[in-house]
Amino acid sequence: MTPPETQYCIEKHKHHYGKWCAAAAYGRGLVGGGNELAFKLIDLSGLCQVTGPDDIGQNVDEWQVSFMKKIEVEAKRLGVTNFTFGRAQKLVNIYLKTVLVCGGHHQHPSVALLHPPLDFELFKGLRSFLSKNRSKMRTARSAFISAQKLNSRWTNSQRMTTRRT
């Protein structure tokens, strides 16, 4: 029997699985990217210390964005010149959704406040929804169209906001 301190615990397994999932999502078209960089950025950001809902900060938006900012800073420090905030958000959001939502905490109120991983498919669905509901959601549709004109791909996003509307 393996001594408890050397067993491969579920938290470690969720961490490794979360890193793999996030790495698969963030790097499309990123020169110098890849799994090794994603793993390193996740570990340097401190995400590896998140094992359950109790680790989520009181202000979920600020807490989540703080990891994104750390990842963005570390990527630049490591010499990845074309790393965007959108890529950092993808790493953080996919990692947290994998570890916390798929880790069995999906009904916890703090976990429900986590940002969704933003991507082209989400934007396509949102565009369709706003188009079908244009009479009721005129302002939201207009804001969305304006944002899409500025940047149609979230992964390339250089800007961020922490406000929910």
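**Exercise 1. In this predicted model, find which residues K19 touches once its neighbours within four places in sequence are set aside.**

Step 1. Begin by placing the residue: K19 sits in helix α1.

Step 2. Now list its partners. Beyond the residues within four places in sequence, K19 is in contact with F39, I42, D43 and Y95.

Step 3. Decide whether K19 is buried or exposed. Its relative accessible area is 8%, and buried means under 20%, so K19 counts as buried.

**Exercise 2. Describe how α1 and α2 pack: what is the angle, what is the handedness, and which residues make the contact?**

Step 1. Take the axes of α1 (residues 10–26) and α2 (residues 35–45): they come within 9 Å and cross at roughly 125°. That angle makes α1 oblique to α2.

Step 2. Add the hand of the crossing, which is right-handed for this pair.

Step 3. Collect the residues on each side. From α1 come H15, K19, W20, A22, A23 and Y26, while α2 supplies N35, L37, A38, F39, I42 and D43.

Step 4. Sort them by character, and you get 8 nonpolar, 2 polar and 2 charged residues. K19, from our opening exercise, is among the α1 residues here.

**Exercise 3. Carry out the matching analysis for α2 and α3: what are the angle, the hand and the contact residues?**

Step 1. Start with the geometry again: α2 and α3 pack at about 125°, and their axes lie 9 Å apart. This makes α2 oblique to α3.

Step 2. Check the hand: α2 passes α3 in a right-handed crossing.

Step 3. Read off the contact. On the α2 side are L41, L44 and S45, and they meet F67, K70, I71, E74, A75 and R77 of α3.

Step 4. Classify these residues: 5 are nonpolar, 1 is polar and 3 are charged.

**Exercise 4. Work out which residues of α2 are buried, and name elements that cover them.**

Step 1. List the buried residues of α2: L37, A38, F39, L41, I42 and S45.

Step 2. Link them to the contacts you have just found. L37, A38, F39 and I42 take part in the contact with α1, whereas L41 and S45 belong to the contact with α3.

Step 3. Name the cover. It includes α1, α3 (60–77) and α4 (85–105).

Step 4. Finish at the end of the helix: α2 is followed by G46, which has a positive phi near 95°.

Technical notes. Residues numbered from 1 in each chain as written. Predicted model: local features only at pLDDT ≥ 70, side-chain atom pairs only at ≥ 80, totals over all residues. Heavy atoms only, no water. Axes fitted to C-alpha atoms, helices over the stretch in contact; angles between N-to-C directions. Helix = DSSP H or I, 4+ residues; strand = E, 2+ residues; numbered from the N terminus. Parallel < 35°, antiparallel > 145°, perpendicular 65-115°, else oblique. Left-handed = near helix turned anticlockwise from the far one by under 90°. Contact = heavy atoms within 4.5 Å. Nonpolar A, V, L, I, M, F, W, Y, C, P; charged D, E, K, R; others polar. Buried < 20%, exposed > 50% of the residue type's maximum accessible area, 1.4 Å probe, protein only.
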